[in-house]
Each structure stands twice: as structure tokens, then as C-alpha cells.
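This report goes through one structure by topic, starting with its charged side-chain pairs. Please keep the sequence and the model at hand while reading.

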Amino acid sequence: SLISPFNDALLTRIREGFSLIPTEELIELEKVWSQQKGFSYFEQLSKKISLTQQEQAWLLENPMVDVAIDKNFVPFERVNEKGEIEGINVDIYKLLAERTGIDFKYNLYDSWQQVYDSLLNGDELLVTGITETEERKDALLFTQQYWEMPWVALYPSRLGTRTKMSDFRGERIAITKGYHLTSYMHENFSDVNILLVDNPEEGYLAIQQNQPM
């Protein structure tokens, strides 16, 4: 709508009126009257996230957001055989870019510990798929949780059935460096020996080579 620049009250009323119409109804109205076949402004708008003026101002000053990517953090993120960055977290970045207009710059790291340290050091602005803990909350800001991921232990079948962590007392368990599970295990299972590895693959290899758990 084109409104006289001297009629702010009318502009406010029109905006309020549009806000009262359900998005689905606006999409259907546009399909009936729009002559731009195959394009729907309101359908595109329904996929966008509304940003505050403060958020929009920040994006103007920071058009590119640096994010840390672990080269081999399957299935969350990795660099595949073609040199392409892919994974669940990467799909989330693409969805965020589509809905907010933010552009992301991917910076690659060799391990999760390096990814985490880059965030703490201020080298990167964003990391996805990180668990919120009281210790981390002292140094980092967290979004609302957007998914849940169960943690399980992999172990050789020769050890028999073990259904809880207390079944591994006195054993050695491999945990990726930087995982919050390390402090959790120290606090709750002090008699479990922890082997810190750079990535899950090192832990899998230790099992395959029949190294002590």
C-alpha cells in the first residue's frame, strides 16, 4: 500500500489490519489475484523470521557470520569426498540463511575441541549442536534447544550386555575432547578411566584394535 508520508496513523491501521489476517488466507488471496504465476510474496514471507530493529542493525554491520565446522563430525557436519561441506548442522545453517537473510562463512577445523576453542576465543561467532551446561553458560550464550540427541556407549560384544554406565566401572572409555561428557563422567563415575580422543573415529579404532575399554 502507498500511503502519504504525512499519514502515519493510516499506515499503522493498515499494518494492524494485515497482521489480523491469517497468513494462509493471504496466500490464497494472492493466488487468486496475483498475475505473477509461480511466485507468492506471502508464501515466501511465511518462511521468513521477523527480526527486531536492533537485530537488523547488527546484520547491517555484520553481513557475514563466521561459523566453525568440524571436518569429520558425522552426521552433523563434515567435508565429503568432493570437498563439499554437508551434514545436519549445515542444513540448519542453510535454513537459517533462507529464513533470516544471514550469510554464513564456514571455517574448517580438525576436531571438536578446536571448534569449541575457536568459539571461546572469539575467532568464530556461532557453533551449532552444542550442549548447554552451567559451566559453558558462564562464557557463552545459548539459543533455545531445537533438538534432542541421546548419548549411548559403543562397546565390544565380548563384554556382554551392559545397560548403564555403572556397568563400566574400572574400565576405560574413549570420549571426544571438548565433549561435556568428560566432566559429567568425572563427577558421577570417578572410577571410570577416560581416554580422550580427537574424534569418534579414534574411539572406534581403539575398539576394533581390541584395545582395553
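## Salt bridges

In this predicted model, the side chains of glutamate 86 and arginine 78 form a salt bridge with an N to O distance of 2.6 Å. Arginine 78 also meets glutamate 81 in a salt bridge, here at 3.6 Å, N to O. Through shared partners, salt bridges join Arg78, Glu81 and Glu86 into one network. Exposure varies across this network: arginine 78 is partly exposed, with a relative accessible area of 26%, and glutamate 86 is partly exposed at 28%. Glutamate 81 is exposed, its relative accessible area being 72%. The cut-off for exposed is over 50%.

Another salt bridge is formed by the side chains of arginine 169 and aspartate 191, at 3.1 Å, N to O. This pair links distant parts of the chain, with the two positions 22 residues apart in numbering. Arginine 169 sits in the loop between helix 7 (134–137) and strand 6 (172–176), and aspartate 191 in the loop between helix 8 (181–188) and strand 7 (193–197). Arginine 169 is partly exposed at 43% relative accessibility, and aspartate 191 is partly exposed at 34%. The structure holds ten salt bridges, including those described here. In general, side chains of opposite charge can pair when their charged atoms come close.

## The antiparallel sheet

Three strands make up an open sheet with the order 2-3-4 and antiparallel pairing. Strand 2 (72–73) and strand 4 (85–86) stand at the edges of this sheet. Each edge strand has a single partner strand, so one side of each is left without a neighbour in the sheet.

Strand 2 and strand 3 (residues 77–79) run antiparallel and are joined by two bridges. Within this pairing, asparagine 72 stands opposite arginine 78 of strand 3. Arginine 78 thus appears in two contexts: as the residue opposite asparagine 72, and as a member of the salt-bridge network with Glu81 and Glu86. As a general point, strands of a sheet pair through backbone hydrogen bonds, either parallel or antiparallel.

## The parallel pair and its crossover

Strand 6 and strand 7 pair in the parallel sense, with five bridges between them. One of the residue pairs is alanine 174 with leucine 195, its bridge partner in strand 7.

Together with helix 8, strand 6 and strand 7 make a β-α-β unit, which is right-handed. Histidine 180 is placed in the loop between strand 6 and helix 8, and aspartate 191 in the loop between helix 8 and strand 7.

## Two buried loop residues

Histidine 180 counts as buried, with 18% relative accessibility. The cut-off for buried is under 20%. Leaving aside neighbours within four places in sequence, histidine 180 is in contact with Thr131, Thr133, Arg136 and Trp151.

Threonine 133 belongs to the loop between helix 6 (112–120) and helix 7. Its relative accessibility is 18%, and threonine 133 counts as buried. With neighbours within four places in sequence again left aside, threonine 133 is in contact with Phe142 and His180.

## The largest pocket

How much space lies in the largest pocket? The volume comes to about 1,600 Å³. The lining of this pocket has 40 residues, and the closest to the pocket centre are Leu126, Val127, Phe142, Thr143 and Tyr146. Phe142 is also one of the contacts of threonine 133.

Helix 4, helix 5 (88–100) and helix 6 each supply at least two residues of the lining. The largest share, five residues, comes from helix 5. In general, rolling a probe the size of a water molecule over the atoms shows where empty space is left.

## A long separation

Alanine 57 is part of helix 4 (residues 53–61). At 35% relative accessibility, alanine 57 counts as partly exposed.

How far apart in space are alanine 57 and glutamate 171? The C-alpha to C-alpha separation is 53 Å, and the two residues are 114 residues apart in sequence.

Key
Residues are numbered from 1 along each chain as its sequence is written. This is a predicted model: local features need pLDDT of at least 70, side-chain atom pairs count only at pLDDT 80 or more; totals for chains, interfaces and linings use all residues. Side-chain values use heavy atoms; hydrogens and water are left out. A salt bridge is a side-chain nitrogen of Lys or Arg within 4 Å of a carboxyl oxygen of Asp or Glu. Buried means under 20% relative accessible area, exposed over 50%, partly exposed in between (1.4 Å probe, protein chains only). Helices (H or I, at least four residues) and strands (E, at least two) are DSSP runs, numbered from the N terminus. Two strands pair if DSSP finds at least two bridges between them. A crossover is right-handed if, with the strands pointing away from the viewer, the path from the first strand over the helix to the second runs clockwise. Contact means heavy atoms within 4.5 Å. On a 1 Å grid over the protein atoms alone, a cavity is a set of points where a 1.4 Å probe fits but cannot get out, and a pocket is an open set with protein on both sides within 12 Å along at least five of seven lines; lining residues have an atom within 4 Å of a point. Grid points are joined across faces, edges and corners, and a volume is the space filled by probe spheres set on the points.
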